[in-house]
Amino acid sequence: MNENLALPVGTTLDRFIKQKQVDFPFATGELSQLLRDIALAGKIINREINRAGLIDLTTSLGTQNVQGECQQKLDVVANIRFVRALKNGGEVCAVISEEDDEMIDTGNHHGRYVVAMDPLDGSSNIDANVSIGTIFSIYRRVTPVGTPPGLEDVMQPGTRQVAAGYVLYGSSTMLVYTTGHGVNGFTYEHSLGEFFLSHPNMRIPQTGTVYSVNEGYFHDFEPDVRELVESYRVRRMTARYIGSLVGDFHRNLVKGGIYLYPPTRKDINGKLRLLYECYPLAFVVEQAGGLATDGHRRILDIAPQALHQRTPLYIGSRELVEEIRLEEKIGQGKANGEKARTEKVLA
Ligand code: AHM
Ligand code: MG
């Protein structure tokens, strides 16, 4: 890996991608072009978000996506824009999206790559002008080039990702991604229409004082999760929860901390999707020196079984994720665990 060939802050994304192409033996440039397509889609979505308030894109469409959630107009717009950018790019033979029931065959049967994406994550925050994001991951197809793509192309384990990242539409717009050689962050300069390297070789602090969890569900968590959250309170950690995974994740990546979406009484596998949200962010966090688990297993080691599979997620600073040891079976929390952990922390 050549992360030591550091490129200076201010390098354009385009130049960065080009220079990093040497990381891949026998690279044909297709992955580089695909990353550029994703950046372009990010710019387009960024534009839509910025003018959303003016042209009434923020209200809900009233239709529901495959998860049974109300789709916001911007979700739909972002999904269309992203899929179109990937189709036009030509490198991708199939796309799966949180917003689509089925795999999309792009018609580019000579494309070597497939993409999984959550085109607009944190969509409940759109109409409040709060940070939202796009999450993506890229795999090499496993079926022969030149044939129609199949489910085996898009349902590969997270360890097979060749690149993953996100675009955060926040107080500034950022693209953060990894190709398995560290993590780099780029900030969008609106007037120039370019992403510039602003956060080279990002490393997540080994520990942190921030925890991000929807504490409104506290009484719907398993006893051992309640015990864990209670231990954060006892330690006087700081609670920060935007309700946009990308935003919460990014803050913790920069400052140190942990994001949790545990099982709840309603969502016994948690809410987040393995393929669209958890795999890509797990790849990023590991490349930055952090960890991601479902409370037991490394996220990247979970075998995919369904396109819209959900998983609990514990992700962030290594030490904070490592200390989590949950009961294996839902509904069988430790009898006196809550008390035991609190005492241990206080000791
Ligand atoms: P979405 O993909 O439908 O936007 O759902 C994912 C979002 C995450 O961004 C966020 O962390 C979480 O859902 C918030 O859920 P909750 O409101 O249950 O806390
Ligand atoms: Mg999402």
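Me: What makes strand β7 mostly covered in this predicted model?
Reply: Nine of the nine residues of strand β7 (residues 161-169) are buried, and since buried means a relative accessible area under 20%, the strand is called mostly covered.

Me: How do you know that β6 and β7 pair, and in which sense?
Reply: Two strands count as paired if there are at least two bridges between them; strand β6 (residues 132-140) and β7 have eight bridges, in the antiparallel sense, and one of the residue pairs involved is Thr 134 with its partner Val 167 in β7.

Me: What joins β7 to strand β8?
Reply: Six bridges join β7 to strand β8 (residues 173-178), and the two run antiparallel; because pairing asks for at least two bridges, these strands pair as well. Gly 165 has Tyr 177 in β8 as its bridge partner, and a hairpin of three residues leads from β7 to β8.

Me: Why are Asp 118, Asp 121 and Glu 277 called donors of the magnesium ion (ligand 2)?
Reply: Their oxygens, OD for Asp 118 and Asp 121 and OE for Glu 277, lie 1.8 to 2.1 Å from the ion, and the cut-off for a donor is within 2.8 Å of the metal, so these residues qualify. In sequence their spacing is D-x2-D-x155-E. Asp 121 lies in strand β5 (residues 113-121) and Glu 277 in helix α7 (residues 274-287), so this pair ties together parts that are 156 residues apart in sequence.

Me: Why is Asp 121 called buried, and Glu 277 too?
Reply: Asp 121 has a relative accessible area of 6% and Glu 277 one of 1%; because the limit is under 20%, both are called buried.

Technical notes:
Residues are numbered from 1 along each chain as its sequence is written. Chains are lettered from A and ligands numbered from 1 in the order in which they are written. This is a predicted model: local features need pLDDT of at least 70, side-chain atom pairs count only at pLDDT 80 or more; totals for chains, interfaces and linings use all residues. Side-chain values use heavy atoms; hydrogens and water are left out. Donors are N, O and S atoms within 2.8 Å of the metal (3.2 Å for Na, K and Ca); water is not among the atoms, so sites may look incomplete. Helices (H or I, at least four residues) and strands (E, at least two) are DSSP runs, numbered from the N terminus. Buried means under 20% relative accessible area, exposed over 50%, partly exposed in between (1.4 Å probe, protein chains only).
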